[in-house]
Amino acid sequence: MPCLYIQNNIKELFIKKFKLAICQNKPVYDKNKNIENAFKMIKKASDKKAGLVLLPEIFYYPYEIKKLKSVADDNTALLKKFCETAKELSVYICTGSMAVKDKDKIFNRAYLINSEGKIILKHDKCHLFNVD
């Protein structure tokens, strides 16, 4: 089974040159504070004319495998905020990966959102950690 799921045509990414912003953080044990920091980094990158902003893997919590299960959810509200922000700032956003509960499984999932606020790619890490 492939790890990359293409939801729309992504030719738009390859048509023009763009500035890329790669964000890095040191997450603390406060998921909301880390999320707030991620949106500040996106805004700062946008202010510097980035066309694509990349967040790191599990940007919102320290990468401790046994604890990721406790912070995983469907991320619907967070994903909606990413889409709104991408559209508002007219930037592409790669969400970094997030611990996502999907039915009875947890995935390490990243999304690519275009400047219109639409999810154009979804990627699940193939060799996921064991959180049980």
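Me: Is Lys31 buried or exposed in this predicted model?
Reply: The model is predicted. Buried means under 20% relative accessible area. Lys31 has a relative accessible area of 19%, so the residue falls under that cut-off and is buried.

Me: Which residue forms a salt bridge with Lys31?
Reply: Side chains of opposite charge can pair when their charged atoms come close. Lys31 is in helix H1 (residues 31–47), and its partner sits in the loop between H2 and H3, 42 residues apart. The closest N and O atoms are 3.5 Å apart. The partner is partly exposed, with a relative accessible area of 31%. It is Asp73.

Me: Over the face of which residue does Lys31 lie?
Reply: Lys31 also meets an aromatic ring. Its distance from the ring centre is 4.6 Å. The ring belongs to Tyr60.

Me: Which residues form one aromatic cluster with Tyr60?
Reply: A search of the whole structure gives four aromatic pairs. One cluster takes in Tyr60. The charged end of Lys81 sits over the ring of one member, Phe39, 4.5 Å from its centre. Along with Tyr60, the cluster holds Phe39, Phe59 and Phe82.

Me: Are the rings of Phe59 and Phe82 stacked or edge-to-face?
Reply: The ring centres of Phe59 and Phe82 are 5.9 Å apart. Planes over 60 degrees apart count as edge-to-face. The planes of Phe59 and Phe82 stand at 75°, so the pair is edge-to-face.

Me: How many residues apart in sequence are the parts that Phe59 and Phe82 tie together?
Reply: Phe59 is buried, and so is Phe82. Phe59 lies in the loop between strand E3 (52–54) and helix H2 (65–71). Phe82 lies in helix H3 (residues 76–89), so the pair ties together parts separated in sequence by 23 residues.

Me: Why is strand E4 largely enclosed by the rest of the structure?
Reply: Strand E4 covers residues 92–102. E4 runs parallel to E3, joined by three bridges. One bridge pairs Val53 with Ile93. E4 is largely enclosed because, of its 11 residues, the number buried is nine.

Me: Which residue in the turn of the E4 and E5 hairpin has a positive phi?
Reply: E4 and strand E5 (residues 105–113) pair in the antiparallel sense, over eight bridges. One of these partnerships is Lys101 with Ile106. Two residues lie between the strands of the hairpin. The residue with a positive phi, about 60°, is Lys103.

Me: How far apart in space are Lys105 and Lys69, C-alpha to C-alpha?
Reply: Lys105 is in strand E5. Its relative accessibility is 52%, so Lys105 counts as exposed. Lys69 is 36 residues away in sequence. In space, the C-alpha to C-alpha distance is 9.8 Å.

Me: What separates Glu36 and Lys40 in helix H1?
Reply: Glu36 and Lys40 form a salt bridge, with the closest N and O atoms 3.3 Å apart. Glu36 is partly exposed at 45% relative accessible area, and Lys40 is exposed at 51%. The two are four residues apart in the helix, so the separation is about one helical turn.

Me: What is the accessible area of the nonpolar patch of Phe18, Leu20 and Ile22 together?
Reply: Ile22 lies in strand E2 (residues 20–22). At 65% relative accessibility, Ile22 counts as exposed. Phe18, Leu20 and Ile22 form this patch on the surface. Together they have an accessible area of about 320 Å².

Methods:
Residues are numbered from 1 along each chain as its sequence is written. This is a predicted model: local features need pLDDT of at least 70, side-chain atom pairs count only at pLDDT 80 or more; totals for chains, interfaces and linings use all residues. Side-chain values use heavy atoms; hydrogens and water are left out. Rings of Phe, Tyr and Trp (its six-membered ring) pair if their centres lie within 6.5 Å; planes under 30 degrees apart count as stacked, over 60 as edge-to-face and the rest as tilted. Buried means under 20% relative accessible area, exposed over 50%, partly exposed in between (1.4 Å probe, protein chains only). A charge sits over a ring if NZ of Lys or CZ of Arg is within 6 Å of the ring centre and within 35 degrees of the ring normal. Two strands pair if DSSP finds at least two bridges between them. Patches are made of residues with over 30% relative accessible area and no salt bridge: like charges are joined within 9 Å, nonpolar side chains (Val, Leu, Ile, Met, Phe, Trp, Tyr) within 5 Å. Accessible areas come from the Shrake-Rupley method with a 1.4 Å probe; for residues, only the protein chains shown count as cover. A salt bridge is a side-chain nitrogen of Lys or Arg within 4 Å of a carboxyl oxygen of Asp or Glu.
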